[in-house]
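Student: I should like to learn how to read an interface between chains and a sheet of strands. May we work through an example together?

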Amino acid sequence: MTRWSDRFPDNLRARRIKARIFRIGCSVLTWLSVALLAVLIYHVTRAGIGWLDWQFLNSFWSRRVTEAGIKAGLLGTLWLVSITAVLAIPIGVAAAVYLEEFGGRSRVNRFLDINISNLAGVPSIVYGLLGLALFVRWCQLGSSLLAGGMTLALLVLPVVIIASREAILAVPKSIRLAAFAIGATRWQTVRYHVLPAAAPGIMTGIILSLSRAIGEAAPIIIVGGATMIFFTPEGPMDEFTALPLQIYNWTTDPKQQFQELAAAGILVLLCVLLLMNASAVYIRNRAQKSRPW
Amino acid sequence: MVTVKVTETTSAAAVTQPSPSASPPILAAQDLTIRYGEKPAVVSVNVAIPENRITAIIGPSGCGKSTLLRAFNRMNDYIPEARIDGGVTYRGRDLYAENVDPVEVRRRIGMVFQKPNPFPKSIAKNISWGPAINGFRGDERLLVEEALKKAVLWDEVKDRLNESANALSGGQQQRLCIARALAMEPDVILMDEPCSALDPVSTARIEDLMYELKHLYTIVIVTHNMQQAARVSDFTAFLDAGRLVEFGETEQVFTTPKDKRTEDYVAGRFG
């Protein structure tokens, strides 16, 4: 290329090379993480697929490998996630709406702000201890599904709040002003414009947090989820077990076949997770269609 | 939050009157000062907006035009650091008095923004939502039709009222925003550079529309565009560095300005 000015030495080649290096680096890292996940799924599938049948899904805990199943764990997990969702979603979204739309910048609110961010980083076992002290003992809920679900709700609440706040913050201010300018109150503006527009982002936060809740074993162990449960839960006050607990229990067994059962359990957990996320993504995409900015 | 200090006396006589021929003022600012933090945006402005006329507010960028406009329907309430001293009266009532609900103020004094901001909903819903939340009882479809006809948009959209407003062109969106404001049957419409994001054809249509509407409404328009101010407005206020330099009938301001700064500005020598 001809040089038309000495003050602009030709550096285009170097810039192009840097851009290419960065692009290749990004794609290598992306594929690396996907490959790791693929290897994991491959190993788990190879070990567990042979055990995955109706008998496995429809049986309770057993000493005998051929008779062992995850019925109690699967139903327990579904109960737990439902209780967690019912508690964490309304409370989390309400907190986010308050902090973003109504709270203002008072010192109390800034204090709340910092605390919520920090709570998102607290180890899950600490939430387990809190759940044990607060719900199991003090509220006298015992080692019930309700106590477990409430503990998991506490655990995911900061994530729901933070994600919902980000989604609310991303709604253009011009939409709010448009509503205010025709005599809408703050609540009407939030209810009819901000929340519908923020819904896809809020859904993403909910997906992430419930996915986390479904895989937690530590807090469930602490609040007293049992392994040997020989009945299906009928209500929120029943004792329970959960998939991660059964998986953990089997992995600690020295017998090779129990290891394979654990793999089968992981496959079931992954399927539940995928189903849950797929339905949430479907709902989110439908909501997104009405938001074309 | 906005802290409000209101002067006790709000006599109209203290306010700059444009000319004896003008209709009585519908909106008036008395010794109005608005600060963002420590920085004043509007300084001791006295101005009276005549009813059923178009009043243009002109001035260089950052002179406080939009801030002054937003004071007329309390939209500055949503700028957390804005502080207001002095008063604004609407038909003689202090807009910043304790017992005044800003929602009620905005329900009567509508606003059209610089960038078209339709709701991401259907065209019909854009019009009907405001009246609906304000307790409108009547035929919603008729209301939508009336508002769109007043905004000269009806013929272009009558077959797709249930489609998204975001599919409209920029100029159509802005007329939809005007229709949305009109559906509230407002007393005053404030327009904050309504044509700055539009092409000349759309601009001309909005200007025609303003001309049609001024017999029914009071319009206050902030504009960068002096030709626009000269074309559409009856009265012109010239602001510089937050101060009202000159206010009078548009023809007088543009042809025989009393202040040297106004003369330089309208002649295009600065700003």
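Student: What area is buried between chain B and chain A?

Tutor: The size of an interface is often given as the accessible area lost when the parts come together. In this predicted model, the area buried between chain B and chain A is about 1,900 Å². Carbon and sulfur atoms give 69% of that area. On the chain B side, Tyr78(B), Pro120(B) and Trp129(B) lose the most area to chain A, together 32% of what that side buries.

Student: How many residues are in contact across this interface?

Tutor: Chain B contributes 23 residues, in contact with 20 residues of chain A. By class, the chain B side that touches chain A has 13 nonpolar, 6 polar and 4 charged residues.

Student: How many salt bridges and how many polar contacts are found between chain B and chain A?

Tutor: The rule finds 0 salt bridges across the interface of chain B and chain A, while 5 residue pairs are in polar contact. The elements of chain B that give two or more residues to this side are α2 (102-108), β7 (109-112), α3 (123-133) and α6 (170-182).

Student: Let us turn to the sheet. In what order do the strands of the open sheet in chain B lie?

Tutor: Strands of a sheet pair through backbone hydrogen bonds, either parallel or antiparallel. Here 6 strands of chain B form an open sheet in the order β7-β8-β9-β4-β10-β11, with mixed pairing. Its edge strands are β7 and β11 (243-249) of chain B, each pairing on one side only. From one strand to the next, the twist averages 15°.

Student: Which strands show the parallel and the antiparallel sense?

Tutor: β7(B) pairs in the parallel sense with β8 (residues 188-192) of chain B, over 4 bridges; within this pair, Val112(B) stands opposite Met191(B). By contrast, β10 (residues 235-240) and β11 of chain B run antiparallel and are joined by 6 bridges. Asp240(B) stands opposite Arg243(B) of β11(B). The hairpin of β10(B) and β11(B) has 2 residues between the strands, and Ala241(B) takes a positive phi near 50° there.

Student: Which strands does α6(B) lie across?

Tutor: α6(B) lies across β7 and β8 of chain B, at about 175° to β7(B). Helix α7 (residues 200-213) of chain B also packs on the sheet, touching β4 (54-58), β8 and β9 (218-222) of chain B. The direction of α7(B) makes about 150° with that of β9(B).

How values were computed. Residues are numbered from 1 along each chain as its sequence is written. Chains are lettered from A and ligands numbered from 1 in the order in which they are written. This is a predicted model: local features need pLDDT of at least 70, side-chain atom pairs count only at pLDDT 80 or more; totals for chains, interfaces and linings use all residues. Side-chain values use heavy atoms; hydrogens and water are left out. Contact means heavy atoms within 4.5 Å. Buried area is the accessible area (1.4 Å probe) that two parts lose on being put together, summed over both. A salt bridge is a side-chain nitrogen of Lys or Arg within 4 Å of a carboxyl oxygen of Asp or Glu. A polar contact is a pair of N or O atoms within 3.5 Å; within protein, one must be able to donate a hydrogen and the other to accept it, and residues adjacent in sequence count only if both atoms are side-chain atoms. Ala, Val, Leu, Ile, Met, Phe, Trp, Tyr, Cys and Pro count as nonpolar, Asp, Glu, Lys and Arg as charged, and the others, Gly among them, as polar. Two strands pair if DSSP finds at least two bridges between them. Axes are lines fitted to C-alpha atoms, for helices over the stretch in contact, and angles run from 0 to 180 degrees between N-to-C directions.
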